[in-house]
Amino acid sequence: MDRRKRTPIKEQEPKERINNFSEVCLGYDENEALNEAHRCLQCKTKPCVSGCPVEVKIPEFIKLIKENKYSDAYYKILETNLLPAICGRVCPQESQCEKNCVLGIKGEPIAIGKLERFAADWFRNNSKLELNPKTKKDIKIAVIGSGPAGLSCASELALMGYKVTIFEAFHELGGVLFYGIPEFRLPKEIVKWEIENLKKLGVEFKTNMIFGKSFDWEDLKKDAYKALFISSGAGLPNFLNIEGELLNGIYSANEFLTRINLMKANSFPQYDTPIKLGKKVGVIGGGNVAMDAARVARRLGCDVFILYRRTIDDMPARKEEIHHALEEGIEIIELCSPKRFIGDQNGNVVSLELTRMQLLDSDENGRRKVKEIENSEFVFEADNFIVAIGTSPNPLIKSALPNLEISRNGIVKVDENLMTNIDGIFAGGDIVTGAATVILAMGMGKKAAQSIDRYISEL
Amino acid sequence: MNEIMKKVILAPNVILMDIYSPIVSKKCNPGQFILLRIDQYGERIPLTIADFDRSKETVTIIFQVVGKTTLALSSLNVGDSILDFIGPLGMPYEYNPNNKNYMFIAGGLGIPAIYSKIKLLHEKGKYIDIIIGGRAKENIFFEEELRNLSNNLYITTNDGSYGQKGFVTDALKPILENGQRYDEIFAVGPIPMMKAVVDLTREYNIKTLVSLNPIMVDGTGMCGGCRVKIGNEIKFACVDGPIFDGFLVDFDLLMKRNSYYIDQEKKVLEEHKCKIGLGE
């Protein structure tokens, strides 16, 4: 075995997978997982752990895989992270745990994410979860939003023995894990399985409940809830604010992905929610959401082009996702900036005018700056455009809690314990950071749970 | 939950239902709407809250059978339940306590959207004139209810089979020409009707509110599908609306956006009709 080389992972062939929504990465089988686990140096200093926002006990769980103790490996991960099947799939390991792996200095780092996924998938197929929360406390805590931050906060609190209720605005649980991330990257059945595990911990879920509309903080207090964790995410889509953006055929990535992931518009007319796409689609943006939207459009039979201001190397999306998108025949047009959408007389978009950009030297943060090239306008024709340039915090929270301190861009202000300016109300995840990653949100959920526990003990 | 407690056919293809919903009935106010999803295959569609009864914990919706969801909804009966009934959504109607006299104008399915607001203002003792319009006599409903809440009720029908022949604006115009003034006019109905009202009231500079019903998916400000142009700003009707200053609304754009899925809507309606044996 060459210790410097990573055990290859099987994936669905690009030609096949653009015709289905099944998972692209097929995961390690037992032998492959063992091979990969054997590469681990079991460093005493554990640099990988310091790169993980929830400090998963990485060398320990890999050691257990090495010893064929897969179930124990899964429980080892659970000690700090209750959603390993999800994290093993969507965490940006290359910029977190794997970035710090000693093997990465002279070769390829351990595939920590793939091993985490292996442990979780093995457990899902072969075992049943048994967890023993501490003695039940008769104290109720409310969590707004069933995304990564909410799930992680609820699971921590449930393990401490609290009675936790998660309120979700949609009819499906999982927040962005459900409506945002497509099946081929994170199958819905995985999300559902992880949530079933939380139900076993006693976490109660209430769907179709919109905070500030269906119920509010006063209702919760009357109902004997002692604290509230707001993790309603960054759901408000940003737009480019350029001419023609209201033309038909222009979707926010949120609307596009919600129609598919949540409302199953790809199975129209069996499902009633439609999606309307022509042959050629332009996706604006360079993050994971842009990749997701582009790859969904590809699976719906479109020719897809990603339009990005900088270069592929500057894209914030995971390298793996960019690679998958390219493999699937999606073209990336670099160094171009949208100027105005052009429509026909029926109000349908037909093209986008862009200008070419040029790279300048790096700024003080090491990020390369770009500048418009004068008189470089060009027109990109397409039947649809999907705007994937980020999201802002959910706007309903503001109106739900008029006294809540919020910064100008809608971000909820919290102290070092993640408590807001309102006593007993905590917040975390994208509503506090702006759009970020699943694992970062989970880390905050966990931290908030600890703060809430301290807060309750001091009441 | 979400059980249908009452079902009344108000006019051809227009149905009233009282839905048992403790949460929505407790929290809702005039001007707000709900989203419903009839079953696991269903679309999320917005419907205005026509009325509510906090003691009975019911919410009244009134809908016209136009597409698959409303057709399927119309086939449900008392005792049946709707899978998801979500709300209340949108900003409530804010009445200005200094205003004394109001004109409410509803075309067709706009009637449910003005009813709860009128009830609220009637309780406050305001002077209220109402114009309701429909295609023909059979399309006019809620006449008695509205008459009891108003100082004057004017009715128009396009074919002249009842009330004054013509559009709601044909009734409004002479009233304004005769010098009658209102502190506020509220118009709800088809987009061309709201546009025509606003074009007329602008001449008299009377504040005119409208309630918009753009295409919507989540109703919580998340998809941006319901974006409308209000003056120079883009607003999301689900969280910023649905009530807006009529003088500022870009109605032409709204009409185009609302027509985007017409082909798909027809397709799904036809498939549904075939499945339930109504196909031709």
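## A tour from helix 11 to the A–B interface

Start by selecting helix 11 of chain A in this predicted model: its buried residues are A:K188, A:I190, A:V191, A:W193, A:E194, A:I195, A:N197 and A:L198. As you look along them, keep in mind that an α-helix has 3.6 residues a turn, so residues three or four places apart point the same way.

Now put a distance between the two end C-alpha atoms of this helix, residues 188–200 of chain A; you should get 19 Å. That agrees with the expected 18 Å, because 13 residues at 1.5 Å a residue should span that much. Step just past the helix to A:G202, where phi is positive, at about 95°.

Next, show chains A and B together. Here 46 residues of chain A are in contact with 44 residues of chain B. The two chains bury about 4000 Å² between them, with 59% of it on carbon and sulfur atoms. Select A:K213, A:L246 and A:D272: these lose the most area to chain B, together 20% of what the chain A side buries.

Stay with A:D272 and add B:K68. Their side chains form a salt bridge, 2.8 Å from N to O. Between chain A and chain B the count is four salt bridges, and 21 residue pairs are in polar contact across the interface.

Finally, colour chain A by secondary structure. Strand 5 (236–237), strand 6 (250–252) and helix 13 (253–262) each supply at least two residues of the side touching chain B. Helix 13 of chain A gives the most, with four residues. Coloured by class instead, that side of chain A shows 21 nonpolar, 17 polar and eight charged residues.

Note on methods. Residues numbered from 1 in each chain as written. Chains lettered and ligands numbered in written order. Predicted model: local features only at pLDDT ≥ 70, side-chain atom pairs only at ≥ 80, totals over all residues. Heavy atoms only, no water. Expected span 1.5 Å × (residues − 1). Buried < 20%, exposed > 50% of the residue type's maximum accessible area, 1.4 Å probe, protein only. Contact = heavy atoms within 4.5 Å. Buried area = accessible area lost by both parts, 1.4 Å probe. Polar contact = N/O pair within 3.5 Å; in protein donor to acceptor, adjacent residues only side chain to side chain. Nonpolar A, V, L, I, M, F, W, Y, C, P; charged D, E, K, R; others polar.
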